[in-house]
Amino acid sequence: VEQALKSAKSSALWYWVRLIGFVGFVGGFLIKSYVDDVIRKNCVQRVLGFYRHNAANTINDGDEYNANYVCYKYKGKKAKLWKRLETKYGAPVLTLQEYEELDAKIAEEKAKEEEEKVDLDEEEENEEL
């Protein structure tokens with residue numbers, strides 16, 4: 001009877017160890033997949049921002065498919081990618097946040113320019129009257 005109880009406890013313990021190990025194994029792959037996807041998306045946005053500011057009006061500007069391919073091609077070699085882009089276009093590769101700030105600044109400047117254009121038109125009309 002003691003041997004049966006000892007065997008049953010051991011079986012239950014190993015069941016839970018195996019179950020926790022399996023969940024950890026599968027969960028590890030899910031977490032790794034999620035992290036890789038976030039890293040890839042950030043890389044794509046950074047490459048698109050670089051092309052938008054340094055290679056505007058080219059085939060690469062806004063081409064998300066090409067940016068995905070470039071990020072996939074240089075997976076694990078991001079420093080090499082940034083160095084090649086800097087060498088090719090002669091401009092530093094900024095971080096994603098810096099590109100977002102730059103976009104906001106450019107949008108603000110365009111809004112001010114449009115506002116000034118509107119004011120000039122109103123001044124001309126006032127002078128004519």
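1. Let me start with N57, which is exposed in this predicted model. The relative accessible area of N57 comes to 76%, and over 50% is what counts as exposed here. You will find N57 in the loop between α1 and α2. The backbone deserves a look too: phi of N57 is near 60°, a positive value in a residue other than glycine.

2. Stepping back to the overall fold, the protein has four helices and zero strands. Along the sequence, the pattern reads α-α-α-α. Of the 129 residues in the protein, 17% are buried. Taking the contacts in the protein with a separation of 6 or more, 61% are between residues 24 or more positions apart.

3. Next, the pairing of α1 with α3, where α3 covers residues 78-89. The axes of the two helices come within 12 Å and cross at roughly 5°. Angles under 35 degrees count as roughly parallel, and α1 and α3 are therefore roughly parallel to each other. By class, this contact of α1 with α3 has eight nonpolar, one polar and two charged residues.

4. Which residues in α1 and α3 meet? On the α1 side they are C43, R46, V47, F50, Y51 and N54. Facing them in α3 are K78, L81, W82, L85 and Y89.

5. C43 is a good residue to click on while you are there. C43 sits in helix α1 and is buried, with a relative accessible area of 4%; the cut-off for buried is under 20%. Leaving aside residues up to four places away in sequence, C43 touches C71, K78, L81 and W82. Of these, K78, L81 and W82 are also named among the α3 residues that meet α1. For a distance check, the C-alpha atoms of C43 and V70 are separated by 9.1 Å, with their positions 27 residues apart along the chain.

6. Is N66 buried or exposed? N66, whose place is in helix α2, has a relative accessible area of 19%. Buried means under 20%, so N66 is buried. Not counting residues up to four places away in sequence, N66 touches Y51 and N60. Y51 appears again here, being one of the α1 residues that meet α3. From C-alpha to C-alpha, N66 and V44 are 9.0 Å apart in space, and they are 22 residues apart in sequence.

7. If you are thinking about open space, here is the largest pocket, which holds about 180 Å³. Its lining is made up of D36, D37, I39, R40, C71, Y72, K75, G76 and K78. By class, that lining has three nonpolar, one polar and five charged residues.

8. Where does the lining of the largest pocket come from? α1 (2-54) and α2 (64-73) each supply at least two residues. The largest share, four residues, comes from α1. Two of the lining residues link back to point 5: C71 and K78 line the largest pocket, and C71 and K78 are also touched by C43. K78 has a further role in the list of contacts, as one of the α3 residues that meet α1.

Technical notes
Residues are numbered from 1 along each chain as its sequence is written. This is a predicted model: local features need pLDDT of at least 70, side-chain atom pairs count only at pLDDT 80 or more; totals for chains, interfaces and linings use all residues. Side-chain values use heavy atoms; hydrogens and water are left out. On a 1 Å grid over the protein atoms alone, a cavity is a set of points where a 1.4 Å probe fits but cannot get out, and a pocket is an open set with protein on both sides within 12 Å along at least five of seven lines; lining residues have an atom within 4 Å of a point. Grid points are joined across faces, edges and corners, and a volume is the space filled by probe spheres set on the points. Ala, Val, Leu, Ile, Met, Phe, Trp, Tyr, Cys and Pro count as nonpolar, Asp, Glu, Lys and Arg as charged, and the others, Gly among them, as polar. Axes are lines fitted to C-alpha atoms, for helices over the stretch in contact, and angles run from 0 to 180 degrees between N-to-C directions. Angles under 35 degrees count as roughly parallel, over 145 as roughly antiparallel, 65 to 115 as roughly perpendicular and the rest as oblique. Contact means heavy atoms within 4.5 Å. Buried means under 20% relative accessible area, exposed over 50%, partly exposed in between (1.4 Å probe, protein chains only).
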